[in-house]
Amino acid sequence: MPYLYINFIKANNIQAIFYRISQYLYIETESLRLWIPIAFAVGCLAYFLLPFEPSIIWGCIFSVIGLTAVIIIRRYYTVYLGLYQISWTITLIALGFCLAWLQTYRQEPFYAVPSRATVVQGQIQSIEYLNNGKKRITLQQVRFKTAPESDQQKWERVILFTLSKKDNQFLRNGDLVQARVMLHRPAPPQYVGGYDLQFRSWFNNIGAYGYALEPVKFISVHPIYSIQSLREKIAVHIREINAGSAGIIAQILLTGMGGELSPDVRHAFAASGLAHLLAIAGLHLGIVMGIVAFTVRYLLLRSQTLTLYWPIKSIAIIVGWTVGCGYLVLTGLHIPAMRSLLMASIVMLALLCNRSVFSKYNLMLAALFLLLLSPASVLDVSFQMSMTAVMALVSGYQLIYRWLEKYQQINSYLFRFIKVYILEGAWVSILAGTAVVPVVMFYFHELNLYFVFANLIAVPLMALWVMPLGLLTLCTMTFGFDYIFLKLMTFGIDWIIWLAELVSHLPYASVSVPNFPAWGYALYFLGLCILCLCITAMRWFGIIVMIIGISSIFCITTPTIITSPNGRMIGVNHQHRLLMVCQGGCDPVAVEEWRKITKLTEAKVISSDTIEAGIYCNKDYCFIKRKRILILLKSITKDQQENLCQSSFIELSFLWNESFCKNIPVINKKENWINGAHSIWLDPLIINTDIYNRGQRPWVMEPIQRGVPKMPMAQQE
């Protein structure tokens, strides 16, 4: 009898749990509209992340099936709410898949890039001024003047190349120029899972990169007066007054044109968690709109007549929004800026209609619009960071807002200062900074520990000093009175740079993070969406999913050996150091990336005369005894071959297609050129290649491929 009673209690408890879960799910149906862009993004990812090229037929089939099911259930089976929602989910995923396919095949293919110096002719689309005194120009309507490439038609893709430092000619947008350049196609990732420049170039309509060997020659002068021309003139003017790091950051803030900051300054901003200040996004737009709106409202309130008869608040909001739109157009309307503008527009309408500003629907509408505009942006780091930060802010800011409402009766300036600049500022920094930490870990392999402290000082300084003076600089630049304002603005930027360098030198300011597994990153995003978008107690389940996703970083092992796609760099994880063996010099940027993903504190280049404990190198080979790794620099004799091959577990070679050891795995330069970068684990032996990781996709080019010639169609007989 007691046994039956206990079982009855357990059964009732289980039934109660299922009943409570079903109640939560029913209530959550009210917020399912928030998940529409997420389902659409899943469809886009389903296309872009496949290792093979799928057919759009599958997307069309599932779209038809989903829409048919939606219509039938809506018409005849309205009680089956779950099936109705599942049908809509399938439809949205299929539509995202189809739109991603269409965007991919709207792009021009990668054209054949000559492997030697060639003469090109084209029209200047944009000019970028770099920190080292050089210029980088974007050339459109490109034609080759050197045979045999001169037989090709005019390129639909643009090329980017850097001018020599001695080329100080005055260039303008629209000028038709000719230059002798050395071009190369978009490079593959420098390691398996690394930054995919080919994917970005495919969707940004870039066909080649390079550098000029001689000063450009003018064919004809046809200047185009556009926003881009205005941006470049402002950038030149800023750099004439201040050519240092502060001037470059001022140029970024006022024109959106990024110059090449020194590696030390860029590292300081990244390590201190202030890198978001260098990308025009919601923070800058909010500051500009706020400054203008409050200034207009303050000036209009000086008149009693205007205050009594005019809608002062509405006028100030509309003027602030208009100036904000102009600011974003001037700075280039990048993806984070477009998202910010869409949300700001919805917020403006909410304020004008006296509706709630803190709405998750604003963010979801902005995300859906951007995905419809460009499905490839779902894999853009700026899109992911901006959406993650704003989703956390919209969901979490109300918590501290409600808590501070309890203390509204305190009406002192000290409390207002603590509330606005300390409590709210710290909470915003914690929310946005913590939400994007896994994104930074996944893409940049870094963990910043002092971002709250740095942002607590830098963001108010940016809002109260730098950006107001920047707006005054833009307003007075036409009349020639901007010198003093620009100098004061760069003075404030110098303080921010000093703060970034101070924080970056603190102990453990930046911790290297190895490769974040993609499935763990996806789990983190799923958990964040559950936490921020759900309206019942089920949202706390999202924290568990986020923790599992972040913990996946401890489930991976770093590779023992990494090779570059051109076969000229080999890195070995040996005794807490990254040993680099390079042919023709090591790329410092690639070495730093490899050091981060292997989670090592030191990278050392070994040469032909390196002799250490367990490492022996001469002019012919390097042998790492503990891991039994043989690296061939040149051909070896038969006597050396017998001794080394018996002691080696794997052979790596800088030779093109030669292998001296027959019974062990061999990775030579040809293997790297065909299959891209390699990541190798020795225990057990696992070899992963870049081509296998990315698959056979339209934007994926093997290192040995040159592209498709842009030849004219054959004439009909």
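**Exercise 1. Backbone outliers at two histidines**

Task: His 576 is found in the loop between β10 (569-574) and β11. In this predicted model, state what sign phi of His 576 has, and whether His 576 is buried or exposed. Then treat His 445 in the loop between α15 (413-444) and β7 (446-448) likewise.

Solution.
- Step 1. Most residues other than glycine have a negative phi.
- Step 2. Phi of His 576 is near 65 degrees, which is positive in a residue other than glycine.
- Step 3. The relative accessible area of His 576 is 67%. The cut-off for exposed is over 50%, so His 576 is exposed.
- Step 4. For His 445, phi is near 60 degrees, again a positive value in a residue other than glycine.
- Step 5. His 445 has a relative accessible area of 2%. Buried means under 20%, so His 445 is buried.

**Exercise 2. Cis peptide bonds**

Task: Which residue does a cis peptide bond join to Pro 148, and which to Pro 684? Locate both prolines.

Solution.
- Step 1. Most peptide bonds are trans.
- Step 2. Ala 147 and Pro 148 are joined by a cis bond with omega about 0 degrees. Pro 148 sits in the loop from β2 (135-144) to β3 (158-162).
- Step 3. Asp 683 and Pro 684 are joined by a cis bond with omega about -5 degrees. Pro 684 has its place in the loop between β19 and β20.

**Exercise 3. The sheet that contains β19 and β20**

Task: Describe how β19 and β20 pair, then give the strand order of their sheet and identify its edges.

Solution.
- Step 1. Strand β19 (residues 678-682) and strand β20 (residues 685-689) are antiparallel and share 5 bridges. One bridge pair is His 678 with Thr 689 in β20.
- Step 2. With 2 residues between them, β19 and β20 form a hairpin.
- Step 3. The open sheet has 6 strands in the order β12-β11-β10-β9-β19-β20, and its pairing is mixed.
- Step 4. β12 (603-605) and β20 each have a single partner strand, so one side of each lacks a neighbour in the sheet, and these two strands are the edges.
- Step 5. From one strand to the next, the twist averages 20 degrees.
- Step 6. At the β12 edge, strand β11 (residues 577-582) runs parallel to β12 and is joined to it by 3 bridges. Leu 579 has Lys 604 in β12 as its bridge partner.

**Exercise 4. A second open sheet**

Task: For the sheet that holds β13 to β18, give the strand order, the edge strands and the sense in which β17 and β18 pair.

Solution.
- Step 1. The order of the 6 strands is β13-β14-β15-β16-β17-β18, in an open sheet with mixed pairing.
- Step 2. β13 (611-612) and β18 (666-667) pair on one side only, and they are the edge strands.
- Step 3. Strand β17 (residues 650-653) pairs with β18 in the parallel sense over 2 bridges. Leu 652 is opposite Ile 667 in β18.

**Exercise 5. Nonpolar cores**

Task: Which members of the largest nonpolar core touch the most other members, and which element gives the most residues?

Solution.
- Step 1. The core has 49 residues, and those touching the most other members are Ile 249, Leu 253, Phe 269, Leu 274, Met 462, Met 489 and Ile 493.
- Step 2. Elements giving two or more residues include α7 (245-255), α8 (263-271), α16 (451-476) and α17 (483-504).
- Step 3. With 8 residues, α17 gives the most to this core.
- Step 4. Beyond four places in sequence, Phe 269 touches Ile 249, Leu 274, Ala 275, Leu 278, Ile 496, Ile 497 and Ala 500.
- Step 5. Another core lies apart from this one and has 46 residues, including Phe 203, Met 364, Leu 379 and Cys 529.

**Exercise 6. A buried polar side chain**

Task: Is Gln 198 buried or exposed, and with which side chain does the side chain of Gln 198 make a polar contact?

Solution.
- Step 1. Gln 198 belongs to helix α5 (residues 197-203).
- Step 2. The relative accessible area of Gln 198 is 0%, so this residue is buried.
- Step 3. The side chain of Gln 198 makes a polar contact with that of Arg 694, at 3.1 Å.
- Step 4. Residues touched by Gln 198, leaving out those up to four places away in sequence, include Phe 110, Arg 185, Pro 188, Trp 699 and Met 701.

Notes
Residues are numbered from 1 along each chain as its sequence is written. This is a predicted model: local features need pLDDT of at least 70, side-chain atom pairs count only at pLDDT 80 or more; totals for chains, interfaces and linings use all residues. Side-chain values use heavy atoms; hydrogens and water are left out. A nonpolar core is a set of buried Ala, Val, Leu, Ile, Met, Phe, Trp, Tyr and Cys residues joined through side-chain atoms within 4.5 Å. Buried means under 20% relative accessible area, exposed over 50%, partly exposed in between (1.4 Å probe, protein chains only). Helices (H or I, at least four residues) and strands (E, at least two) are DSSP runs, numbered from the N terminus. Contact means heavy atoms within 4.5 Å. Two strands pair if DSSP finds at least two bridges between them. Axes are lines fitted to C-alpha atoms, for helices over the stretch in contact, and angles run from 0 to 180 degrees between N-to-C directions. A polar contact is a pair of N or O atoms within 3.5 Å; within protein, one must be able to donate a hydrogen and the other to accept it, and residues adjacent in sequence count only if both atoms are side-chain atoms.
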